[in-house]
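Here is a friendly walk through one protein model, written for someone who likes to check atoms and numbers side by side. Please keep the viewer open as you read.

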Amino acid sequence: MARKPELKGRAARLARLFPAGPRQAARTPFVLLVVLLLGGGLIGLLVLNSALSEGSFKMDDLQKDTKSLTDEEQALQRDIDSYSAPDALQRRASELGMVPGGDPAFLNPDGSVKGVPSPAARQSVPDAPVVVRPPEAVLFSQTIESSTTPEPNASPVPDDSPAPGADPVPSDSPVPDPAVLAPTAADPETPGR
């Protein structure tokens with residue numbers, strides 16, 4: 001067999017740095033590296049899947065909230081439409097004592113008047129003061145009035161006799177209207193108004 005020549009000097013130092021024969025790499029670090037990579041990938045997929053599931057639950061909750069808020073908005077828009085309908089505005093205006101206006105007159109830019117104005121038609125003014133109520137109270141009182149009907153057998157005979165032990169009311173004094181004195185459920189008292 002032929003012997004390898006011996007190296008001297010710089011070549012010998014370089015030869016010592018490299019292994020002399022074929023060596024096998026250790027398998028344990030390679031196997032650990034592969035196991036760590038696979039485990040890290042599986043854990044990463046699990047975290048990603050959990051984040052996606054959480055996002056889908058949040059999206060479902062937000063869609064339910066959006067649906068309920070849309071329903072509420074539509075209900076409020078229906079209320080606004082019912083309050084701003086012409087017949088509802090006319091009814092509320094007449095409750096406040098307003099009357100339809102007459103023919104209008106217009107001023108031109110040069111100061112001349114176009115049209116002939118006419119006054120608003122006068123209606124009978126009630127003696128009782130006008131009570132301004134919110135639309136909810138008006139609707140509530142109309143519901144109560146339509147649901148309460150007098151019994152056909154009941155006779156509306158007023159009892160003018162005073163209660164025992166009470167002073168009789170003099171006949172010359174004005175009798176106040178009980179509807180004005182007693183607050184009703186349709187007229188809730190609002191503090192600050």
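The report below covers the overall layout, the confidence, the salt bridges and a surface patch.

**Layout and surface**

This is a predicted model, so confidence values deserve a place beside the geometry. The protein has 193 residues, and its secondary structure comprises 5 helices and 2 strands. Reading from the N terminus, the order of elements is α-α-α-β-β-α-α. In other words, the two strands follow one another in the chain, with three helices ahead of them and two helices after them.

How much of the protein counts as buried? Of the 193 residues, 4% do. The accessible surface amounts to about 18,200 Å², and carbon and sulfur atoms own 62% of that area. As for contacts with a separation of 6 or more, 40% of them join residues that lie 24 or more positions apart.

**Confidence**

The mean pLDDT of the protein is 74, with 58% of the residues reaching 70 or more. Which element has the highest mean pLDDT, and which the lowest? Helix α2 is at the top with 95, while helix α5 (residues 178-181) is at the bottom with 46.

Two stretches are worth colouring by confidence in your viewer. Over residues 154-159 the pLDDT is below 50, and the model gives this stretch 0 contacts beyond near neighbours in sequence. Residues 165-193 also stay under 50, and there the model has 9 contacts beyond four places in sequence.

**Salt bridges along helix α2**

Side chains of opposite charge can pair when their charged atoms come close. How many salt bridges does a search of the whole structure find? The search returns 3, and they are listed here.

| Salt bridge | N to O distance |
|---|---|
| Glu54 and Lys58 | 3.7 Å |
| Asp60 and Lys64 | 3.8 Å |
| Lys67 and Asp71 | 3.5 Å |

Why can Glu54 and Lys58 face each other in this way? The two residues are 4 apart in helix α2, so about one helical turn separates them. Asp60 and Lys64 are likewise 4 residues apart in helix α2, which again puts about one helical turn between them. For Lys67 and Asp71 the spacing in helix α2 is also 4 residues, or about one helical turn.

The accessibility of the partners can be read off too. Glu54 is partly exposed, with a relative accessible area of 46%. In the second pair, Asp60 counts as partly exposed at 33%, whereas Lys64 is exposed at 53%. In the third pair, Lys67 is exposed, with a relative accessible area of 55%, and Asp71 counts as partly exposed at 39%.

**A nonpolar patch**

Helix α2, which spans residues 27-83, also contains Val34. Which residues make the nonpolar surface patch? Phe30, Val31, Val34, Val35 and Leu38 do, and together they form a patch of about 480 Å². Val34 has a relative accessibility of 34%, so Val34 counts as partly exposed.

**To take away**

Helix α2 is a good place to begin in the viewer: its mean pLDDT of 95 is the highest among the elements, and Val34 of the nonpolar patch is found there. The pair Glu54 and Lys58 lies in helix α2, as do Asp60 with Lys64 and Lys67 with Asp71. For residues 165-193, keep in mind that the pLDDT stays under 50.

Technical notes: Residues numbered from 1 in each chain as written. Predicted model: local features only at pLDDT ≥ 70, side-chain atom pairs only at ≥ 80, totals over all residues. Heavy atoms only, no water. Patch = residues over 30% accessible without salt bridge, like charges linked within 9 Å, V, L, I, M, F, W, Y side chains within 5 Å. Areas by Shrake-Rupley, 256 points an atom, 1.4 Å probe, with all protein chains shown as cover. Salt bridge = Lys/Arg side-chain N within 4 Å of Asp/Glu carboxyl O. Buried < 20%, exposed > 50% of the residue type's maximum accessible area, 1.4 Å probe, protein only. pLDDT = per-residue confidence, 0-100. Contact = heavy atoms within 4.5 Å.
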